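Welcome, and please get your viewer ready for a short tour. We will go from whole domains to the place where they touch, one selection at a time.

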Amino acid sequence: MKASPQAATGPEIVLDLTRLLSRVRHATPTGIDRIELLYARALLARVPERLQFAATHPLGGYGRLTPAAVLRFLDATELRWSETGGDETARAAWRHLLASLAGLWPQPVTPAIRTRIVLHVSPSALEDEQRVAARLRRENARLVCLVHDLIPLTHPAFARADAPRRHARRMVSVARHAHGVIANSSATADAFAAYLGAVGQSVPKLAVAPFGAVTPRPPAPATPAIDQPYFLCVGTIEPRKNHLLLLQLWHQLAENAGDREIPKLVLIGRRGWENQNVFNLLDRSRLRPHVRELGRVADQALTGWLAGAAALLMPSFAEGFGLPVIEALATGTPVIASDIAAHREAGRDVPEYLDPLDGPGWRRAILDYADPASPRRRAQLARLGETVLPTWDDHIDRVLAFVEASAS
């Protein structure tokens, strides 16, 4: 990565790793987990001489994390995500948990030697305004936050029962205490500004910095093979991801297949909440020969599954950005996605976009893309070859520029 031109003279940056530390029990990441780790790696490469780390420890207390301990934690976490995933043994999980909690015990906050920015790139530990204010006073710093989405507030039907209340507290806390806010998409920025206006809060300085593609990891050589076309859907099995549409389509395909083979559907992601009808379909119906539910998988295996898919299917009703869309395109895999603003920002003009309730349209697209020589599939690959996708470096460029402006 290229060095920041203001590396030696810009503000101190304190990256808050509360989210990663709170997720230490989990051997596979969520999208937000992955983003926080990518930030740590990128800032270590760009501005190491003015970067510090902090966190609110799961056992209590906020403070600095020693750089050597953070590096060990990042290396161990990436190894778990990349190679172990859902196959981690209970003993290995406990060993990682205890080593991380002990090694990352918060240390005293050092005095600021110049303008200091606390960079918070997850929603963790933002609900309590008084604690946020206390941390900023202790740091003598300004706060810059990354907002991933407003889904619990804009689509409460797709959230857990307590999520709208908690997310509302986070957004108001951000509005009152952040000197600047980064949105991962224009859709997120618009939703954030609209919500603050509705509750009578001023909108902080706001910048849009879309996520970019990260260099794809090499596929794991042991990725299981499927000897017929398959489609991949990645994400927690929860109502807003609209797995029900896909399972209903595959049920129809299975009912009408006769002696013909039908493409397989591969689901990667843990089971979520309030989705019992989908779980029933997965557990009890005749879909099992045609639908493969893998749950949590290691990153290397995920890359292998993604690279071999006829297309990635993303029929979500709502997203903050749609990270799997750009990851699939960066791997060279076509995407069929719901026609929502976040997906269009991520995929630009490359994917096929369909209404998330248009069952016949999705069925036609899936059957078309199952044929490698399909004109529709080849046309998307041609569009992909002509498109320059945003990169993770592009995102960090915008973020660092915004942080510099927020410090001035």
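How far apart do the C-alpha centres of domain 1 and domain 2 lie? Keep in mind that this is a predicted model, and start by making two selections. Take residues 12–212 together with 392–406 as domain 1, and residues 230–386 as domain 2, following the domain assignment of the chain. Give each selection a colour, then compute the C-alpha centre of each: the separation is 29 Å.

Next, select the residues on each side that are in contact with the other domain. You should have 27 residues from domain 1 and 22 from domain 2. Putting the two domains together buries about 1900 Å², and carbon and sulfur atoms account for 57% of that area.

Now for the polar side of this interface. Eight residue pairs, both members at pLDDT 80 or more, are in polar contact across it. The salt bridge count between the domains is one. To see a salt bridge, show the side chains of Arg34 and Asp299, which meet with an N to O distance of 2.8 Å.

Which elements give two or more residues to the side of domain 1 that touches domain 2? Select helix 2 (31–46), helix 3 (67–84) and helix 8 (186–198). Helix 3 gives the most, with four residues.

For a last view, colour that side of domain 1 by residue class. Look for ten nonpolar, 13 polar and four charged residues facing domain 2 in this contact set.

Key:
Residues are numbered from 1 along each chain as its sequence is written. This is a predicted model: local features need pLDDT of at least 70, side-chain atom pairs count only at pLDDT 80 or more; totals for chains, interfaces and linings use all residues. Side-chain values use heavy atoms; hydrogens and water are left out. Domain bounds come from an automatic or database domain assignment. Contact means heavy atoms within 4.5 Å. Buried area is the accessible area (1.4 Å probe) that two parts lose on being put together, summed over both. A salt bridge is a side-chain nitrogen of Lys or Arg within 4 Å of a carboxyl oxygen of Asp or Glu. A polar contact is a pair of N or O atoms within 3.5 Å; within protein, one must be able to donate a hydrogen and the other to accept it, and residues adjacent in sequence count only if both atoms are side-chain atoms. Ala, Val, Leu, Ile, Met, Phe, Trp, Tyr, Cys and Pro count as nonpolar, Asp, Glu, Lys and Arg as charged, and the others, Gly among them, as polar.
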